[in-house]
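Work through the exercises below with the coordinates open, and try each task before reading its solution.

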Amino acid sequence: MEQTLEYSVLIDENGSIQSIVPMGKAAADYIEQANMPLAGEPFVSAVSNGKNPKIRVVLRPSGRVQTFLEESD
């Protein structure tokens, strides 16, 4: 992988992935190779405040993975 890939991941209250939105053409083209979990699969611990967090996942060509909380509905 030679490009940085970014995804916006919406998590439901039980910690499963609700949706994954590729941010840009490269992220859409390489979503299968990025090995992102499927919608409905457990991803993180359950959210205690009942809100649905949205997390930005950044995959760097070096292998570095960064995550940022975008918002919490």
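A salt bridge is taken here as a side-chain nitrogen of Lys or Arg within 4 Å of a carboxyl oxygen of Asp or Glu. The model is a predicted one, and side-chain atom pairs count only at pLDDT 80 or more.

**Exercise 1. Find the salt bridges, and state which parts of the chain each of them joins.**

Solution. Applying the criterion to the model gives three salt bridges.

Step 1: Arg-56 pairs with Glu-6, and their closest N and O atoms are 2.8 Å apart. Since Arg-56 belongs to strand β3 and Glu-6 to strand β1, this pair ties together parts that are 50 residues apart in sequence.

Step 2: a salt bridge also joins the side chains of Glu-70 and Arg-56, with an N to O distance of 2.6 Å. Here Glu-70 lies in strand β4, residues 65–72, and Arg-56 in strand β3, so the parts tied together are 14 residues apart in sequence.

Step 3: putting these pairs together, one finds that Glu-6, Arg-56 and Glu-70 are linked in a network of salt bridges. As for the two acidic residues, Glu-6 is partly exposed with a relative accessible area of 27%, and Glu-70 counts as partly exposed at 30%.

Step 4: Lys-25 and Asp-29 also form a salt bridge, at 2.9 Å from N to O. Both residues are in helix α1 and four residues apart, so about one helical turn separates them. Lys-25 is exposed, with a relative accessible area of 62%, whereas Asp-29 is partly exposed at 45%.

**Exercise 2. Which residues make up the largest nonpolar core, and which elements each supply at least two of them?**

Solution. Begin with the members and then assign them to elements.

Step 1: the largest nonpolar core has twelve residues, namely Leu-5, Tyr-7, Val-9, Ile-11, Ile-17, Ala-26, Ala-27, Ala-34, Met-36, Ile-55, Val-57 and Leu-59.

Step 2: at least two residues of this core come from each of β1 (5–11), α1 (25–29) and β3 (53–59). Strand β1 gives the most, with four residues.

Step 3: for one link between helix and strand, take Ala-26, which touches Gln-3 and Leu-5 when residues up to four places away in sequence are not counted. A backbone distance can be added to this, as the C-alpha atoms of Asp-29 and Leu-5 lie 9.7 Å apart in space, with their positions 24 residues apart in sequence.

**Exercise 3. Are Ser-8 and Gln-66 buried or exposed, and which side chains do they meet in polar contacts?**

Solution. The threshold needed for this step is that buried means under 20% relative accessible area.

Step 1: Ser-8, which is placed in strand β1, has a relative accessibility of 8% and therefore counts as buried. The side chain of Ser-8 makes a polar contact with that of Glu-70, at 2.8 Å. Beyond its neighbours within four places in sequence, Ser-8 is in contact with several residues, including Ser-19, Ile-20, Lys-54 and Ile-55.

Step 2: Gln-66, in strand β4, has a relative accessibility of 15% and so is also buried by this threshold. Its side chain makes a polar contact with the side chain of Arg-60, again given as 2.8 Å. Leaving out residues up to four places away in sequence, Gln-66 touches Arg-56, Val-57, Val-58 and Arg-60.

**Exercise 4. What sign does phi have at Asn-35, and where is this residue placed?**

Solution. Most residues other than glycine have a negative phi. Asn-35 is not a glycine, yet its phi is positive, at about 55 degrees. The residue is placed in the loop between α1 and β3, and with a relative accessible area of 65% it is exposed.

**Exercise 5. How many helices and strands does the protein chain have, and what are its radius of gyration and box dimensions?**

Solution. Step 1: the secondary structure comes to one helix and four strands, and from the N terminus on the elements run β-β-α-β-β.

Step 2: for 73 residues, a compact globule would have a radius of gyration near 11 Å, and the 12 Å of this chain agrees with that. Taken along the principal axes, the C-alpha atoms fill a box of roughly 40 × 20 × 20 Å.

Step 3: of the 73 residues, 30% count as buried. The chain exposes about 4700 Å², of which carbon and sulfur atoms supply 49%. Among contacts between residues at least 6 apart in sequence, 48% join residues at least 24 apart.

How values were computed: Residues are numbered from 1 along each chain as its sequence is written. This is a predicted model: local features need pLDDT of at least 70, side-chain atom pairs count only at pLDDT 80 or more; totals for chains, interfaces and linings use all residues. Side-chain values use heavy atoms; hydrogens and water are left out. A nonpolar core is a set of buried Ala, Val, Leu, Ile, Met, Phe, Trp, Tyr and Cys residues joined through side-chain atoms within 4.5 Å. Buried means under 20% relative accessible area, exposed over 50%, partly exposed in between (1.4 Å probe, protein chains only). Contact means heavy atoms within 4.5 Å. A polar contact is a pair of N or O atoms within 3.5 Å; within protein, one must be able to donate a hydrogen and the other to accept it, and residues adjacent in sequence count only if both atoms are side-chain atoms. The radius of gyration is taken over C-alpha atoms; the globule rule is 2.2 Å times the number of residues to the power 0.38. Accessible areas come from the Shrake-Rupley method with a 1.4 Å probe; for residues, only the protein chains shown count as cover.
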